[in-house]
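Reader: I am new to this structure and would like a close look at a single part of it. Please take me through the site where the small partners are held.

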Amino acid sequence: MQTLTLTRPDDWHLHLRDGEALAAVLPDTARRFARAIVMPNLKPPVTTVALAAAYRERILAALPAGMNFTPLMTLYLTNNMPAAEIDAVKASGFVHAIKLYPAGATTNSDAGVSDLKKCAATLARMEKLGVPLLVHGEVTDPAVDVFDREAVFIDRVLIPLLRDYPALKVVLEHVTTRNGIEFVKDSGANVAGTLTAHHLLLNRNAMFAGGIRPHHYCLPVLKRESHRQSLLAAAVSGNPKFFLGTDSAPHAQSAKEAACGCAGCYTAHAGIELYVEAFEAAGARDKLEAFASFHGADYYGLPRNTEKITLRRDAVTVPASLDYLAGERLVPLRAGESVAWRLA
Ligand code: DOR
Ligand code: ZN
């Protein structure tokens, strides 16, 4: 089979940045995905519906003419987001979730939550109104091994959270471990998980192949092969709790190739094609459409897309770098190598 046609997919976890960076990366996503859940970790973060409305307008203004793409906005949870903001979210029609970054866990997370207890009233309102909490699931405790931070977060934070708010909609974003998969599977239908293409395709050896590989460094960090196998099994299982979220996260080449390089893999240039590779390697191409185009929409209570896209098996050489900011390049995943599928 040399072509694959599926309902146009959505990306349920995406970093679009702002300004010049936004204009550079947005077309890659808009060419492939009908909608995307847009992360709020700008500087300063998107903490109110009013800020999300303004950011949404900037995204739409950066969209090239003729492209059909809907940004689904999120707010950045802080220790002092008032519960009333959740009512404004519900009334807005364009903010779809609240993102939890544990303070210090990743890029632009310093304004994040230091203690979820401070958010009790807001979480109760989210549970009541059905507003999903999207979770960066890693503890920041420096005593915890970096490869164990997701598993420890589940035990220390997520299990108690769901004990306190059993009906809260929670998406464990970018699941990277068997522990995360089991947690999602064993929880109620209100709990789901997104999976990135890079975590489905790579294990932690990719960060050290022949030398240190900064473009394979992201958070949560890549894990060992047995965990990757668990993620892939969940992705192709047909379980509606798992859906596509690229976590495409652009950083300038100089910020990645540095003594203290930033976390994030840029994958939007092959945002659906990389998943086709992963599903095909698992012998489960027929399971991709539901994972990429149905499960997320159903979870968020949004209509499924009706348009179709077609991919062709025809290798594309990925450029060594892409245009990004003035004087700065963006190195995409697979730079200088190839992706086996292309958009027809
Ligand atoms: O690798 C990552 N990059 N993980 C995150 O959680 C944030 C993201 C970013 O914004 O660069
Ligand atoms: Zn992310």
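Author: Donors are N, O and S atoms within 2.8 Å of the metal (3.2 Å for Na, K and Ca), and sites may look incomplete because water is not among the atoms. For the zinc ion (ligand 2), the protein donors are His 13 (NE2), His 15 (NE2) and Asp 247 (OD), at 2.0 to 2.1 Å. Along the chain these donors are spaced as H-x1-H-x231-D. The model is predicted, so local features need pLDDT of at least 70 and side-chain atom pairs pLDDT 80 or more, while totals for chains, interfaces and linings use all residues. Residues are numbered from 1 along each chain as written, chains are lettered from A and ligands numbered from 1 in written order, and side-chain values use heavy atoms, without hydrogens and water.

Two of the donors are buried, meaning under 20% relative accessible area with a 1.4 Å probe and protein chains only: His 13 has 1% and His 15 has 7%.

Ligand 1 has 13 residues around it (a heavy atom within 4 Å). Among those that come nearest are Arg 17, Asn 41 and His 251. The shell divides into 4 nonpolar, 7 polar and 2 charged residues, with Gly counted as polar.

Polar contacts are pairs of N or O atoms within 3.5 Å. An N or O atom in the side chain of His 251 is 2.7 Å from an oxygen atom of ligand 1. A polar side-chain atom of His 136 lies 3.1 Å from an oxygen atom of ligand 1, and for a backbone N or O atom of Gly 264 the distance to an oxygen atom of ligand 1 is 3.2 Å. The protein covers 99% of the 290 Å² of accessible area that ligand 1 has on its own (Shrake-Rupley method, 1.4 Å probe).

Key. A polar contact is a pair of N or O atoms within 3.5 Å; within protein, one must be able to donate a hydrogen and the other to accept it, and residues adjacent in sequence count only if both atoms are side-chain atoms. Buried means under 20% relative accessible area, exposed over 50%, partly exposed in between (1.4 Å probe, protein chains only).
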